[in-house]
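Good morning, colleagues. Please turn to the structure on the screen, and I shall take you through several of its features in order.

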Amino acid sequence: MEYRTLGKTGIRVSVLGFGAMRLPVTGQPHEVDEDATIDMLRYAIDQGVNYIDSAYVYHDGHSEIVIGKALQDGYRAKTYVATKCPVWMVDQTADFDRLLNEQLARLQTDHIDFYLLHCLQQGNWPRMQQMDVASWAERAQRDGRIGQFGFSFHDSFSVFQDIVDAYDWGFCQIQYNLVNENVQAGTAGLKYAAAKGLGVVIMEPLFGGTLANPPDAVRQLWEEAGYQPVPVALRWVWDRPEVSLVLSGMSTRAQVEQNIETAREAGVGRLTDGERAVIRRVQEKYEELSPIPCTKCGYCLPCPHGVDIPVNFELYNEATVFQGSSVVLCRNLYHGLPESQRAAACAACHTCEDRCPQKIEISRLMGEVGKHFA
Ligand SMILES: NC(=O)c1ccc[n+]([C@@H]2O[C@H](COP(=O)([O-])OP(=O)(O)OC[C@H]3O[C@@H](n4cnc5c(N)ncnc54)[C@H](OP(=O)(O)O)[C@@H]3O)[C@@H](O)[C@H]2O)c1
């Protein structure tokens, strides 16, 4: 297993981290299959994985609880634990302490090595600042309950820059995979954060599993080239030197075994020419499958009414091509935008259309996007 230094924290982490959001269940999401999960987590740690990522809300709290059980018998000392504060459940500063103390109890530990504000975005970051979350985190660091302080992120690159610049974060967690080079923080955000010394933890390297089950047209490309999508998609992320660690959400022991094998073959500059070629074709095919040919050039902006046209098209394309959990995520991101930026705020003035190099019928499509996410 390769280990990389997680930015300015100086901490050495395995390139593969265990994302504990998609654990095996016996029924409902909170019914985590504890025996299977403990077996998977301990196997991963025995093979050199030293970073486990959870959150207050995963599996309705049972992700943290089962991790706490798995880390008995000496396993806690062999791995770093990361978990996240559900910022939308914080109404007053005392809530930070209440939630953190509950998480420590669930995890059966006296400290959390990496503590993140969960899903920071334009809509909740100002509130966190007003509550002086930084002073709270520094107190929790001084009393030893948390180690490194960071945030996870799903919003645009410009919002990402603002958040990175606003505080001396140790690390951040961003969505990144071969179809998201220019989505959310994207490659620009990855480089920006790394250049500022933040450790960069990657989530959704398989786009929540959708890259493992591609549409027929994409599957055919992988098959013709003779490659499996999962190992190549993971290797694509590890090829980036700015990436500190890749979290994989694994739901079976076989996936854990396969991804550990892949991690052993991973590294910067280790993608073959054949892999690079098929990745390019796959990326182009996903683009082709997107219903709105927006390239996010931004020529349409500024909209006189404030609508963020490229972001609305991006969310609509993603929700349409990838289906599954992307639909929920895109809907949430749409409703996380300020009302004036949403497609529904389009006044159909057509001002933008003359400026669009792709000649997209923006006003008409904004109506469809607005209805789609309504
Ligand atoms: N902070 C946030 O807002 C946030 C958001 C998302 C994720 N995260 C964290 O980041 C972690 C990683 O994200 P993710 O879970 O979305 O990762 P991902 O790797 O993009 O997707 C995980 C899914 O990919 C499939 N998969 C994994 N390995 C496979 C293999 N070898 N062969 C076939 N399919 C495979 C599984 O799907 P099936 O279960 O369908 O088999 C698995 O559930 C999460 O677990 C969580 O800890 C955080």
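Which elements each supply at least two residues of the shell around the ligand? They are β6, spanning 112-120, β10, spanning 245-249, and α10, spanning 253-264. I should state at the outset that this is a predicted model.

Let me stay with the ligand for a moment. There are 27 residues around the ligand, and those that come nearest are G19, S152, M203, G209 and G249. Sorted by class, the shell comprises 11 nonpolar, 13 polar and 3 charged residues.

Two of the elements just named, β6 and β10, also belong to the barrel. This barrel is closed by 8 strands, and their order is β3-β4-β5-β6-β7-β8-β9-β10. The pairing is parallel. On average, and with direction ignored, neighbouring strands of this sheet are turned by 30° against each other.

To take one pair from the barrel, strand β5, residues 80-85, runs parallel to β6 and is joined to it by 4 bridges. If you wish to locate this pairing on the screen, look for A82, whose bridge partner in β6 is F114.

I now turn to helix packing, with two pairs to present.

The first pair is helix α6, residues 157-166, and helix α7, residues 186-195. Their axes lie 9 Å apart, and the helices pack at an angle of about 15°. An angle under 35 degrees counts as roughly parallel, and α6 and α7 are therefore roughly parallel to each other. Their crossing is right-handed. On the α6 side the contact is made by F157, F160, Q161 and V164, and on the α7 side by G186, A188, G189, Y192 and A193. By class, this contact of α6 with α7 has 6 nonpolar and 3 polar residues, with no charged residues.

The second pair is helix α12, residues 309-322, and helix α13, residues 324-336. Here the axes come within 7 Å and cross at roughly 165°. Angles over 145 degrees count as roughly antiparallel, and so α12 and α13 are roughly antiparallel to each other. The crossing of α12 and α13 is left-handed. From α12, the residues L315, E318, A319 and F322 meet G324, S326, V327, C330, L333 and Y334 of α13. The residues of this contact divide into 7 nonpolar, 2 polar and 1 charged.

To close, I return to the ligand: β6, β10 and α10 each supply at least two residues of its shell. Thank you for your attention.

Methods
Residues are numbered from 1 along each chain as its sequence is written. This is a predicted model: local features need pLDDT of at least 70, side-chain atom pairs count only at pLDDT 80 or more; totals for chains, interfaces and linings use all residues. Axes are lines fitted to C-alpha atoms, for helices over the stretch in contact, and angles run from 0 to 180 degrees between N-to-C directions. Angles under 35 degrees count as roughly parallel, over 145 as roughly antiparallel, 65 to 115 as roughly perpendicular and the rest as oblique. A crossing is left-handed if the near helix is turned anticlockwise from the far one by less than a right angle, and right-handed if clockwise. Two residues are in contact if their C-beta atoms, placed from the backbone, lie within 7 Å. Ala, Val, Leu, Ile, Met, Phe, Trp, Tyr, Cys and Pro count as nonpolar, Asp, Glu, Lys and Arg as charged, and the others, Gly among them, as polar. A residue is near a molecule or strand if its C-beta atom, placed from the backbone, lies within 6 Å of it. Two strands pair if DSSP finds at least two bridges between them.
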